[in-house]
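Got the viewer open? Keep the selection tool handy and follow along, stop by stop.

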Amino acid sequence: MLNNLFPKVRPRRLRKNKTIRNLVSETKLHKSKLIQPLFVSDSNSQKQEIETMPGQFIHSNETLFNEVDELLKLNINTIALFPNISDKSKDANGTEALNPENFMCNLVAQLKSKFPELVLITDVALDPYTLSGHDGIIVEGDVDNDETLKSLEKMSLNLAHAGSDIIAPSDMMDGRVGVIRKSLETENLKDTIILSYSAKYASNFYGPFRDAIGSKQVQGISKDSYQMDKRNLAEALKEARLDLNEGADILMVKPGMPYLDVIREISSNTDAPVFAYQVSGEYSMLQLGIDKKIFKHNVIPETLISLFRAGSSSVITYYAKWVAENYDDIS
Ligand code: PBG
């Protein structure tokens with residue numbers, strides 16, 4: 001049918017040169033829409049490259065501050081911060097997460113006082129603090145939802161009081177957004193943003209992240225009883241709606257590229273901003289391919305654009321700094 005329109009319609013007219021292509025482009029990749037995840041150790045005195053994520057580091061306190069300074073100069077103003085906690089501060093229930101004076105709370109306060117313009121996202125889940133590497137408290141062989149909620153509530157309050165702009169529950173317990181929102185209100189933390197990992201799949205792409213935060217032991221165990229089943233799409237919309245009803249401000253889909261349909265589904269069917277997380281395994285695949293010269297760096301913007309085209313409002317990506325350094329304004 002469309003054939004009949006030729007030559008009246010010639011889509012190539014709008015691809016003639018870069019200026020025209022830019023005028024009609026539907027999606028734009030811009031560094032103001034990128035968030036850099038960073039890892040920081042509670043004990044290392046030097047930064048250390050993550051073997052399975054070439055080019056990414058576990059920072060020391062000092063190198064973290066330098067890195068944040070560089071990011072702000074590049075106009076990457078938002079970071080998602082993940083701690084690597086030493087074994088001596090871990091236990092079965094992740095008790096250290098509940099300590100308002102713990103490493104992360106102190107660090108958040110220091111970062112915010114040194115860099116007031118920084119927008120800081122902190123994760124809410126127990127995995128950096130549990131010996132099992134699970135995101136919650138294990139009772140009779142499984143992560144117990146309601147027991148874990150009590151810890152997440154306290155952890156959220158600590159991180160919000162310390163100065164996190166955005167707290168990001170990534171644990172996938174039922175009802176956690178509601179519990180967290182309610183106690184934030186009670187403690188007059190009404191402006192703390194909740195970025196809910198609504199559709200967080202039980203993915204095999206998180207492996208390098210687990211190396212980075214030192215929860216390697218979970219490699220052998222599964223998070224299938226709380227993270228989402230990879231086969232489901234309708235369920236993602238259900239999770240998103242529940243989180244919005246409970247008081248989430250922003251929704252997240254994770255991983256990114258293997259779940260473009262989920263980003264589209266949620267962004268088309270809710271009125272909240274949807275963020276995507278291009279996770280560690282996606283980074284490692286790309287970076288190892290680039291390092292081996294299988295493809296060039298231009299695959300990076302292509303993957304990011306796909307996430308925006310699918311409906312993401314912003315993207316958490318280990319390539320945020322790289323984009324800011326290598327592109328002024330990517331069209
Ligand atoms: C922990 C958490 C994970 C990621 C973000 N927060 C890992 C997991 O659920 O085991 C993964 C991020 C990445 O792979 O880059 N709750």
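A quick definition before the clicking starts: helices (H or I, at least four residues) and strands (E, at least two) are DSSP runs, numbered from the N terminus. This is a predicted model, so local features need pLDDT of at least 70 and side-chain atom pairs count only at pLDDT 80 or more, while totals for chains, interfaces and linings use all residues. Residues are numbered from 1 along each chain as its sequence is written, and side-chain values use heavy atoms, with hydrogens and water left out.

**Stop 1: the largest pocket**

Select Gly 55, Gln 56, Glu 67, Tyr 318 and Lys 321: of the 18 lining residues of the largest pocket, these lie nearest its centre. A pocket here is found on a 1 Å grid over the protein atoms alone, as an open set with protein on both sides within 12 Å along at least five of seven lines; a cavity is a set of points where a 1.4 Å probe fits but cannot get out, and lining residues have an atom within 4 Å of a point. The largest pocket has a volume of about 280 Å³, where a volume is the space filled by probe spheres set on the points, and the points are joined across faces, edges and corners.

Which element gives the largest share of the lining of the largest pocket? Colour β1 (34-41): that strand brings four residues. β3 (57-59), α9 (280-291) and α11 (320-326) also give two or more residues each. By class, this lining has nine nonpolar, six polar and three charged residues. For the classes, Ala, Val, Leu, Ile, Met, Phe, Trp, Tyr, Cys and Pro count as nonpolar, Asp, Glu, Lys and Arg as charged, and the others, Gly among them, as polar.

**Stop 2: the ligand**

Now select the ligand and show its surroundings. There are 17 residues around it, and the closest are Lys 200, Arg 210, Lys 254, Ser 280 and Tyr 318; a residue counts as near if one of its heavy atoms lies within 4 Å. By class, the shell holds seven nonpolar, three polar and seven charged residues.

Next, draw some distances for polar contacts, meaning pairs of N or O atoms within 3.5 Å. From an oxygen atom of the ligand to a polar side-chain atom of Lys 200 you should get 2.7 Å. The side chain of Gln 227 has an N or O atom 2.9 Å from a ligand oxygen, and the side chain of Ser 170 has one 2.9 Å from a ligand nitrogen. How much of the ligand does the protein bury? The answer is 100% of the 400 Å² that the ligand exposes when taken alone, with accessible areas from the Shrake-Rupley method and a 1.4 Å probe.

**Stop 3: the cavities**

Switch the ligand off and look at the space left behind: the space it takes is the largest cavity, by the test that more than half of a molecule's atoms lie within 2 Å of the grid points. The volume of the largest cavity is about 110 Å³. Its lining has 14 residues, with Asp 127, Lys 200, Tyr 206, Phe 209 and Lys 254 nearest the centre. β9 (193-200) and α6 (207-213) each supply at least two of them.

The second largest cavity is about 60 Å³. Select Leu 81, Met 104, Asp 123 and Met 155, which are among its lining residues. This lining has nine nonpolar, no polar and one charged residues.

**Stop 4: backbone oddities**

Go to Lys 254 again: the peptide bond from there to Pro 255 is cis, with omega near -10°. Pro 255 sits in the loop between β10 (250-254) and α8 (260-269). Another cis bond runs from Phe 6 to Pro 7, with omega near 10°. Finish at Met 172, in the loop between β8 (166-169) and α5 (176-186), where phi is near 65°, a positive value in a residue other than glycine.

Key
A polar contact is a pair of N or O atoms within 3.5 Å; within protein, one must be able to donate a hydrogen and the other to accept it, and residues adjacent in sequence count only if both atoms are side-chain atoms.
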